[in-house]
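Reader: Please take a close look at one part of this model, the pairing of strands in a sheet, and then follow the connections outward from there. A single continuous account would be preferred.

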Amino acid sequence: MTKPKPWLSLSGIGVFAVLLLAVAPLVLTDHWLNNLGKYCCWAIAAVGIGLAWGRGGMLVMGQGVFFALGAYSMAMHLTLETAGDRVPGFMVLYDPLAPLPAFWEPFRSTAFTLLAIVLLPVVLAGVLGYALFKRGVKGAYFAILSQALAVALATLISSTIRETGGDTGLSDFKYFFGFVLNDPANKVMVYLIAAALLVMCLLAVWQLYRSRFGELLVATRDAEERVRFLGYDPANVKLVAFVFSALMASIGGAMFVPIVGIITPAEIGAAASILMIAGVAFGGRASLFGPALGAMAVGWGQSSLGSTWPESWTYILGLLFIVVILFLPNGLSSLPARFARTRRSAAQQPAPAIATAELEGVRS
Amino acid sequence: MSTTSKRRRALVATGAIATTITLALAGCGARAGDDTSGGGPTAAASCVDTSGSTVKLGFLNSLTGGMAISEKTVSNVLHMAADEINAGGGILGKKIEYVQEDGATDWPTFAEKTEKLLTQDCVAAIFGGWTSSSRKAVKPVVEKLNGLFFYPVQYEGLESSPNIYYTGATTNQQIIPAMDFLASKGVKKLFLAGSDYVFPRTANAIIKLYAAKLGIQIVGEEYVPLDKDDWTSQVAKIVAAKPDFVFNTINGSSNVGFIKAYYDAGLTPAKTPIISVSIAEEEAPAMGHEVTGNYASWNYFQSLKTPTNSKFIQSWKAYPNSSGVTSDPMEAAYISLYLYKSLVEAAGSFDVDAVNAAAKKNTITFDAPEGKVTLDGKNHHISKPGHIGRINADNQFDIVWASDAFIKPDPYLEGYDWFPADIRKQLVGAAG
């Protein structure tokens with residue numbers, strides 16, 4: 001695979017940041033800016049999936065779990081902020097006299113909520129990853145296990161309607177850390193925070209990919225045994241990538257709540273987790289921008305194409321997915337390189353050695 | 001060394017982003033405690049344009065996903081009502097131009113599409129929704145943008161909003177009549193079976209309170225998630241509990257599984273009948289003869305003999321893609337569009353505040369298929385007749401009980417002394 005050009009990538013992030021933080025708020029309507037904020041949240045989670053799956057070879061099919069940790073931590077805090085001293089309205093509805101469940105109480109605190117958004121995914125992914133990677137669980141087994149966790153959590157939330165809002169979810173938030181959410185200026189602020197967090201996540205993985213750890217991660221993906229022979233523990237390498245991806249999913253989830261205004265188990269369950277993966281595969285899982293752009297494209301498709309062709313949009317998505325997997329296994333972001341190569345090979349003789357090397361890089 | 005300089009630049013970039021966030025935080029709008037009541041600077045200006053010969057309305061129904069089977073019919077009947085109104089000259093002389101959106105049985109999508117309809121399409125009002133979860137997702141958005149939402153399905157009550165009109169029954173128009181009917185039948189032991197979400201949970205909380213007053217004993221209470229249809233183990237509990245009647249608040253296709261398990265367990269309408277609040281003419285055929293003989297509580301039945309109803313049934317049967325039968329939620333959706341027409345014409349304007357002011361006069365009525373309904377301007381619900389129907393062999397309903405008069409809507413059950421005042425106070429407080 002051709003060596004990435006770090007400065008090109010960094011200026012790419014710069015352009016992306018300017019587009020998101022400066023241009024978008026000026027040219028988009030409130031509605032589309034809010035939608036873009038939502039896509040940014042999925043993109044943040046997608047950047048993490050790109051790290052774990054694209055670079056680390058771990059097919060994380062249950063990122064909804066970590067998305068949920070961030071989202072529900074935030075939603076619980078905002079619900080309590082809205083309810084003030086009262087028990088949240090939906091709880092009164094199901095059981096008029098019961099008190100606030102104990103696990104809600106600490107989420108009154110802003111500091112605890114912010115810490116929970118960061119620490120809960122880190123701890124859960126840490127424990128889970130340690131147990132799995134040290135035992136050498138990988139491939140399809142890991143994918144199935146992570147997917148099962150997402151299903152289990154969504155079912156748990158659905159069936160604890162009084163404690164978590166169940167299938168209806170948590171909604172109707174009035175304040176965001178003291179700011180009135182209805183105020184258009186505050187909506188723009190919330191969007192800017194999400195967009196800035198996305199840019200920071202991109203910067204973080206850009207740095208990770210260039211570091212020795214990044215090399216080690218790709219090496220672990222491609223030849224785990226050889227990494228072991230060289231004296232590294234591949235389990236630790238994977239663990240770090242997995243924890244980072246969980247953290248990003250949680251941050252995406254946390255910002256999803258004030259932007260969308262509602263969180264339900266449907267947004268974190270199996271289908272939602274797979275849709276996150278679909279965006280990443282679509283954009284190009286191993287590239288820097290691919291996962292984020294892919295996730296945003298899928299989000300946009302859902303709002304826009306889903307409006308025009310409600311019945312056929314899912315088929316369009318499925319078809320696109322199949323086409324991309326079949327013909328562009330490295331996602332849409334590999335299109336320019338592929339195009340350049342075709343032109344090159346049309347001009348000169350084909351260079352099979354490069355093509356094979358690139359394919360090797362794709363395999364995980 | 002180049003590595004350190006690269007590191008530093010990454011740091012600078014991160015710093016720049018952090019600064020952006022701080023600036024964003026500093027230069028923003030209202031904080032909690034600021035006075036934002038009365039619209040003020042936070043309420044977005046309405047972009048509704050009625051200067052032309054048309055008025056734009058939004059229809060928001062799940063055309064895909066689990067609820068599509070029910071909501072497509074509502075969408076269809078809204079189209080029929082719009083065609084009828086247009087043929088009669090429109091609303092205030094303006095033809096209805098509708099924008100149909102798909103809620104996709106996904107509550108955040110309902111919220112997103114509501115915002116789109118109000119701010120991008122600039123519709124004057126939105127009609128649709130089915131599940132309480134979808135309504136609860138729409139509510140904060142229409143309140144924020146000062147839009148109008150017409151909700152056509154019976155629900156659990158304990159809600160009212162200046163931006164929502166409810167044309168389905170609240171609890172005192174469906175659940176309480178059903179309980180009165182059970183009491184008149186001498187029922188002593190009742191079993192509650194429902195889907196696990198807002199409506200059944202809340203309805204059952206109310207049923208339990210009223211049952212205590214009526215001297216009816218609740219001998220069991222079971223819930224199954226909306227998307228599951230295996231009721232075998234719950235039905236076994238019903239067999240063991242030996243109730244006189246089962247109160248069914250199950251919704252959607254889960255009912256098919258319940259009725260099948262019930263029938264297979266040897267429970268019969270002759271000994272242990274079921275009263276349902278969600279099986280109507282649309283759903284009954286899917287359960288075939290196994291559901292025959294059981295009861296349902298609704299305000300409207302296809303079998304109601306009113307002149308408006310026969311016209312309604314005739315128009316619906318002739319309408320393209322019609323299912324051929326009429327049902328309560330469909331009729332309520334049909335009412336909602338006509339009610340909006342009356343409201344706008346009474347107000348002489350499409351403006352939301354003018355429409356609400358017109359409603360306040362309590363003079364808005366509509367000669368609906370279920371009878372002449374009157375809008376309550378205070379709580380935005382309508383008066384309705386209570387009816388109990390018994391499912392016959394044609395999967396239609398024979399009406400076996402009717403309320404003495406039209407029942408006034410009472411979403412917070414203020415006229416019922418058995419409903420604890422402190423709970424009502426808490427609920428109203430929590431609803432803000």
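Author: In this predicted model, B:Ile388 has B:Trp401 of strand S14(B) standing opposite. The two strands concerned, S13 (residues 387-391) and S14 (residues 397-402) of chain B, run antiparallel and are joined by five bridges. The hairpin that they form has five residues between the strands, and B:Asn395 takes a positive phi near 60 degrees there.

B:Ile388 also has a counterpart in another strand, since B:Ser297 stands opposite B:Ile388. B:Ser297 brings in strand S10 (residues 295-298) of chain B, which is joined to S13(B) by four bridges, again with the strands antiparallel. Taken further, these pairings belong to an open sheet of seven strands in chain B, with the order S7-S6-S8-S9-S10-S13-S14 and mixed pairing. At its edges are strand S7 (217-224) and S14 of chain B, each of which pairs on one side only. On average, and with direction ignored, neighbouring strands of this sheet are turned by 25 degrees against each other.

Two helices pack on the seven-stranded sheet. Helix H6 (198-214) of chain B touches strand S6 (189-195), S7 and strand S8 (245-249) of chain B, and its direction makes about 165 degrees with that of S6(B). Helix H7 (residues 232-241) of chain B touches S6, S7 and S8 of chain B, and its direction makes about 170 degrees with that of S7(B).

Chain B also holds an open sheet of five strands, in the order S2-S1-S3-S4-S5 and with parallel pairing. Strand S2 (95-102) and strand S5 (164-166) of chain B each have a single partner strand, so one side of each is left without a neighbour in the sheet. The twist in this sheet averages 25 degrees from one strand to the next. At one of its pairings, strand S4 (residues 149-151) of chain B runs parallel to S5(B) and is joined to S5(B) by three bridges. Within that pairing, B:Phe149 stands opposite B:Ile164. Helix H3 (residues 107-119) of chain B lies across strand S1 (54-61), S2 and strand S3 (126-128) of chain B, running at about 175 degrees to S1(B).

Elsewhere in chain B, two helices pack against each other. The axes of helix H10 (residues 328-347) and helix H11 (residues 352-360) of chain B come within 8 Å and cross at roughly 95 degrees. H10(B) and H11(B) are therefore roughly perpendicular to each other. On the side of H10(B), the contact is made by B:Leu343, B:Val344, B:Ala346 and B:Ala347, while H11(B) provides B:Ala354, B:Val355, B:Ala357, B:Ala358 and B:Ala359. By class, this contact of H10(B) with H11(B) has nine nonpolar residues, with no polar and no charged ones.

Several of the elements named above also face the partner chain. In the interface, 53 residues of chain B are in contact with 49 residues of chain A. Helix H1 (2-26), S2, H3, helix H4 (132-145), H6 and helix H12 (421-431) of chain B are the elements that give two or more residues to the side that touches chain A. H1(B) gives the largest share of that side, eight residues. By class, the side of chain B that touches chain A has 27 nonpolar, 13 polar and 13 charged residues.

Across the interface, chain A has helix pairs of its own. Helix H12 (residues 270-283) and helix H14 (residues 313-327) of chain A have axes that come within 9 Å and cross at roughly 45 degrees. H12(A) and H14(A) are therefore oblique to each other, and H12(A) passes H14(A) in a left-handed crossing. In this pair, A:Ala278, A:Ala281 and A:Phe282 of H12(A) meet A:Leu320, A:Phe321, A:Val324 and A:Ile325 of H14(A). The contact of H12(A) with H14(A) has, by class, seven nonpolar, no polar and no charged residues.

For helix H9 (residues 212-222) and helix H11 (residues 234-260) of chain A, the axes come within 10 Å and cross at roughly 110 degrees. H9(A) and H11(A) are therefore roughly perpendicular to each other. The contact joins A:Phe213, A:Leu216, A:Leu217 and A:Thr220 of H9(A) to A:Pro234, A:Val237, A:Lys238, A:Val240 and A:Ala241 of H11(A). By class, the contact of H9(A) with H11(A) has seven nonpolar, one polar and one charged residues.

Technical notes:
Residues are numbered from 1 along each chain as its sequence is written. Chains are lettered from A and ligands numbered from 1 in the order in which they are written. This is a predicted model: local features need pLDDT of at least 70, side-chain atom pairs count only at pLDDT 80 or more; totals for chains, interfaces and linings use all residues. Two strands pair if DSSP finds at least two bridges between them. Axes are lines fitted to C-alpha atoms, for helices over the stretch in contact, and angles run from 0 to 180 degrees between N-to-C directions. Two residues are in contact if their C-beta atoms, placed from the backbone, lie within 7 Å. Angles under 35 degrees count as roughly parallel, over 145 as roughly antiparallel, 65 to 115 as roughly perpendicular and the rest as oblique. A crossing is left-handed if the near helix is turned anticlockwise from the far one by less than a right angle, and right-handed if clockwise. Ala, Val, Leu, Ile, Met, Phe, Trp, Tyr, Cys and Pro count as nonpolar, Asp, Glu, Lys and Arg as charged, and the others, Gly among them, as polar.
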